[in-house]
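I am opening the notebook on this model. I want to look up how far to trust it, then go through the contacts and the folds.

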Amino acid sequence: MRARYAYALAIIIGVAILVFYAMDQVRTVSVLSFSLRYAVPLILDAMVGIICERSGVINIGIEGQMLMSAFAGFFGAALTGNLILGTLIGVGTGMIVGAFLAVGAVTWKMDQIIAGTVINILAVGLTSFFYAQGNVLPGSTPIVAIPVLSDIPLVGPVLFENGLFTYAALIIPLVLWVLLFKTRWGLRTRAVGEKPSAADTSGVSVQGLRFWNVTVAGLLAGMAGAYLAIEAAGTFERGFTAGRGFTALAIMIFGAWNPIGALGAAFFFGLTQGLASQLQADEVVAIPQQFINMLPYVLTIVLLAIVSGRIKPPAAVGKPYEKD
Amino acid sequence: MSTMDPSRTDLGFSDPDPRRSGPLDRIPSIVLPIVSVLLAFAVGGILIWLQGVSPLRAYAVLFSNALGTPEGLLRVMEKSTPLILTGLAVTVGLRAGLFNIGAQGQLLVGAIGAAWAGYHFQLPLIVHLPFAVLFGMLCGAAWASIAGVLRAYRSVSEVITTIMLNAIAIALVDYLASEPLKEEGQPLTRTPAIADSAALPVFGIVPSGFLLALAVAVFFGWYLTRTTQGFRFNTIGLNPSAARYAGISVKGTIVLAMAVSGALAGLGGAIETLGVTGRFEPAFNAGLGFDGITIALLARANPLATIPAALLIGTMRTGAAALQFQTGIEPEVVDVILAITLLFVSAPIVARLLFRNRNIKQTTVTSGWGS
Amino acid sequence: MHRKIVLAAVAASALLLAACGGSSSDSASSGSSESGGSSQAAGGGGEGDCPGPDAFCIGLVTDTGKVDDKSFNQSAWEGAKEAAKATGGYAKYIETVDPKDYANNMNQFISAGYDVIITVGFLMGEASVEAADAQKDKGTTFIGVDQFQADPIIPNLTGLVFSEDKAGYAAGYLAGLMTKTGKTGAVLGTDTVPPVKLFGEGYKAGALAANPNVEVTLVYHAPDNAFNDPEWGAAEAKKQLAQGADIIFGAGGNTGNGALIEIAKAAGAGETIFCIGVDTDQYYTVPQAQKCLLTSAEKKLREGTRDLIILAKDGKAPGGNYFGLTGLAPYHDTEAAVPDDVKKKVEEVVKGLDAGTILTNVTLG
């Protein structure tokens, strides 16, 4: 039912893109590239949310995870003078913060919302307290054009001429979809998120699986942070993640906790941003930008209100597991 | 609707159980926050020490400047006022089993609502001031009710809706203050100044808004523990199925609890506008709602305890400028200390240290996203 | 019972720790303003605590920003430090976190007997007027950076203001002469902040004055977080490059800086693709952009602040509005890429703008 609307929307957008492409290739490609770029950290962050929630753990600390990873990645790269090392430090930091959430929310059975809130508040405080000006990245990450594929009109320059994290953000949702729905790990993860007592009875370690899923998901938040600081903006500023981690939660829900759905939702919201800036640049119409910025949130609330009966979060999400 | 196991809700959110209201059992609820704050100050002290400043001196500056001068005291009271109210907003939600992360958005909406009511009308003070205050509260309540209704009737988690509503509110008030409600003839994004008849007076160095916030905190201390409605909040918070069994309208109570919570945050915004800033300007209200979460948890969802918790945070935020002026420590150290406080208060680290021989039950104040 | 002991032990250890910190750090704290993660503890510069009423003391209050913001707060602070050196005085700053503390932060300096107080940013305008008015007869001089003074003028408050449209115009003029593709763009903070809009519209007017056939694209960030979204700035810059713009003006704090950094990564940066910075010579504040940085549309904020403080020391701060200079920063690494006749024309335009013989005709609608 719902999927049909999603397909219809995707087809309409696809046709519209082709029409625009026929009218103005340069503008269409560059707006789509902008949209993808805007979507990359949202995709990675939404995957974090999906892995955690599918395992039964709410993660509202993604924004903080990303901010700390970006901080560590940037200063790691700047101080060691090595981009790869910095990237690894950033991604690793995401995982460490993920482990922190896992200890709090899973091992200690803290309230999950509070655990995430602590991460967010701590991230803002620590990164702005320890921020130091005057550090510069030792270079920039390469743009890799994939042979043959990048020569395809429209699709090539948008999808196949990007940095490595961008490719990762495009591939990971597909991989995660397969993992979640076609593998034993996925079956167990979903069981732990939906009916942990049944999973427990059938011999799955609820606590263990939740702990590791939340920890490893932190890697993706780390990638989002490293992407922002190293591949995309090439700098770190206090609070420069600008709420992307929260937008990702909206995207996770909008995508119905499905990696492919979230990929589509992230691109859709990227597109609204890209279109808004292009309409302003071409002086066609200046939509008050506040409305563009609130769009993902408004749509998510409307969606939740309409389809709440049919689109459901994992049943056990938010509840620490207690053995009976 | 999730069934909340009362044994796991051990933060002292509920009315004290008569069977364990002996003096000994009351100690933990006071000890934990105090120890957490002290430990957070110790960790903050290490950070300060790493910057080459004596922590003792830094803390002396932080507090003496805020509390030692009349202007400092006025600012502490002004700053604590919205914190008490957002803390109460989160507290009322927690009591009813709702986690209202949206106090920030509700405060913004309340602040701009009060500004509009304050400048748009020319009324005698006796009518205008209460009207502007109430209108701000109403805006906050209405904004929070979106989340309340969705939670009650569509089973949508209030956590996710209030996060979304925060983002929407930030954009919305910015739009309102830059377009339809903008003050003419000047470039800033802000509303016109409120009329004198809508301004909250300051008595000596005591802002009337602060007194109002204190009165509201005391009122809720009574309301949540001594009235039927307060009992209903607690019951649906602790055990919604039992509440339903007892004939309490769970849905209606959820909507009411969110509305009350939003009204409190909106009141915080209204007092900011009518008592401190005199108009609405988006940048002037940043971050207040998030401190509310820290305060509510520090106060263990006790309405009266939000007063000292808010005063502590208000004092630190007031003293931060003097701290930088006299020691060079950046004001962000306050945020670090607060985050560590929140961590210690909510994570079982400190609790385990203190009560090693007790089986520490963890707190779950919220239900899942949509269940 | 044992709980109380634990509590006491924790409290005692906290105090002990604080005390240890105190005794062992005294040596470290004296004179070391470079310790820890923060590069500027204790005020920095030529500077430090105000030693007494006989000394000349300068206090600076930032807008809700930091003195290392690579933008106006930083420039003003550098000006204050230079003035402190030049006058043998002392300079110190307070960073505002909550805009409701403007008055409180100024009071720190007032009650410590500071001679000059600099308030940075047009958002502080009203707070500055109030504070200056209250100190009218008490010998404290106020300098309001980016704060236009309307009547009635407060005698001890001088607004250091700039014609951003002139700086933008000069930069746009250069871009109009330099562009090979006939397209130039600007990535800007929000148009709800007047100086940003003046920069943007001035840039457009200048580019069109140089070459009426140039296509100029102005894109402003949404008001929320407008000056702290470098990744948006970078993405927008890349989009404009892809659409054929070869010179892009980045004006909007970290958002604009993000655009500059992105352009420096582009193929042909510094040869066919250029970027233009804003406020200060961004060759120094955004070193990542050195490769593409053609110039910066400068407000001589550092110089203006310094000069006004020095005037204030002699009791000659004029009150009312003091127009600081605007202009273009040196070409630095792109020097060779700019033809001599372009340099000459741009120089004339800058002079004409200063002299008032060239008008930008930019107004805020």
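**Confidence, chain B**

I began with chain B, whose mean pLDDT is 85, with 88% of its residues reaching 70 or more. I note for the record that this is a predicted model. I then looked for weak stretches. In residues 357-364 of chain B, pLDDT stays under 50. The model still has 24 contacts beyond four places in sequence for residues 357-364 of chain B. Residues 366-371 of chain B also have a pLDDT below 50. For that stretch I found 30 contacts beyond near neighbours in sequence. I will read both stretches with care.

**Confidence, chains A and C, and overall**

Chain A has a mean pLDDT of 91, and 98% of its residues reach 70 or more. I asked which elements of chain A have the lowest and the highest mean pLDDT. The lowest is α13(A), at 84. The highest is helix α7 of chain A, residues 164-182, at 97.

Chain C averages a pLDDT of 85, and 87% of the residues score at least 70. I marked residues 6-46 of chain C, where the pLDDT is below 50. Beyond near neighbours in sequence, the model gives this stretch 78 contacts. For the whole model I noted an ipTM of 0.92 and a pTM of 0.88.

**Chain A against chain B**

How many residues does each chain bring to this contact? I found 40 from chain A and 42 from chain B. On the chain A side, I listed the elements that give two or more residues: α5 (112-130), α11 (244-254) and α13 (289-307). The most comes from α5(A), with eleven residues. I sorted the chain A side by class and got 26 nonpolar, ten polar and four charged residues. I also recall that α13(A) has the lowest mean pLDDT among the elements of chain A.

**Chain B against chain C: a helix pair**

Next I looked at helix α12 of chain B (residues 306-327) and helix α3 of chain C (residues 102-111). They pack at an angle of about 35 degrees. Their axes are 10 Å apart. The crossing of α12(B) past α3(C) is right-handed.

Which residues meet here? From α12(B) I wrote down Ala321(B), Ala322(B) and Phe325(B). From α3(C) I wrote down Asn104(C), Asn105(C) and Gln108(C). By class, this contact has three nonpolar, three polar and no charged residues.

**Chain C: domains**

The domain assignment splits chain C into domain 1 (57-161) and domain 2 (164-299 + 330-355). I looked up the separation of their centres, taken over C-alpha atoms, and it is 29 Å. Seven residues of domain 1 of chain C are in contact with eight residues of domain 2 of chain C. The domain 1 side of this contact has two nonpolar, two polar and three charged residues.

**Chain C: the sheet**

Chain C has an open sheet of six strands with parallel pairing. I traced the order as β2-β1-β3-β4-β5-β11. Which strands are at the edges? They are β2 (90-94) and β11 (320-323) of chain C, and each pairs on one side only. From one strand to the next, the twist averages 20 degrees.

I finished with one pair inside the sheet. Strands β4 (residues 141-145) and β5 (residues 157-161) of chain C run parallel and are joined by four bridges. I picked out Gly144(C), whose bridge partner in β5(C) is Gly159(C).

Conventions: Residues are numbered from 1 along each chain as its sequence is written. Chains are lettered from A and ligands numbered from 1 in the order in which they are written. This is a predicted model: local features need pLDDT of at least 70, side-chain atom pairs count only at pLDDT 80 or more; totals for chains, interfaces and linings use all residues. pLDDT is the predictor's confidence in each residue, from 0 to 100. Two residues are in contact if their C-beta atoms, placed from the backbone, lie within 7 Å. Axes are lines fitted to C-alpha atoms, for helices over the stretch in contact, and angles run from 0 to 180 degrees between N-to-C directions. A crossing is left-handed if the near helix is turned anticlockwise from the far one by less than a right angle, and right-handed if clockwise. Ala, Val, Leu, Ile, Met, Phe, Trp, Tyr, Cys and Pro count as nonpolar, Asp, Glu, Lys and Arg as charged, and the others, Gly among them, as polar. Domain bounds come from an automatic or database domain assignment. Two strands pair if DSSP finds at least two bridges between them.
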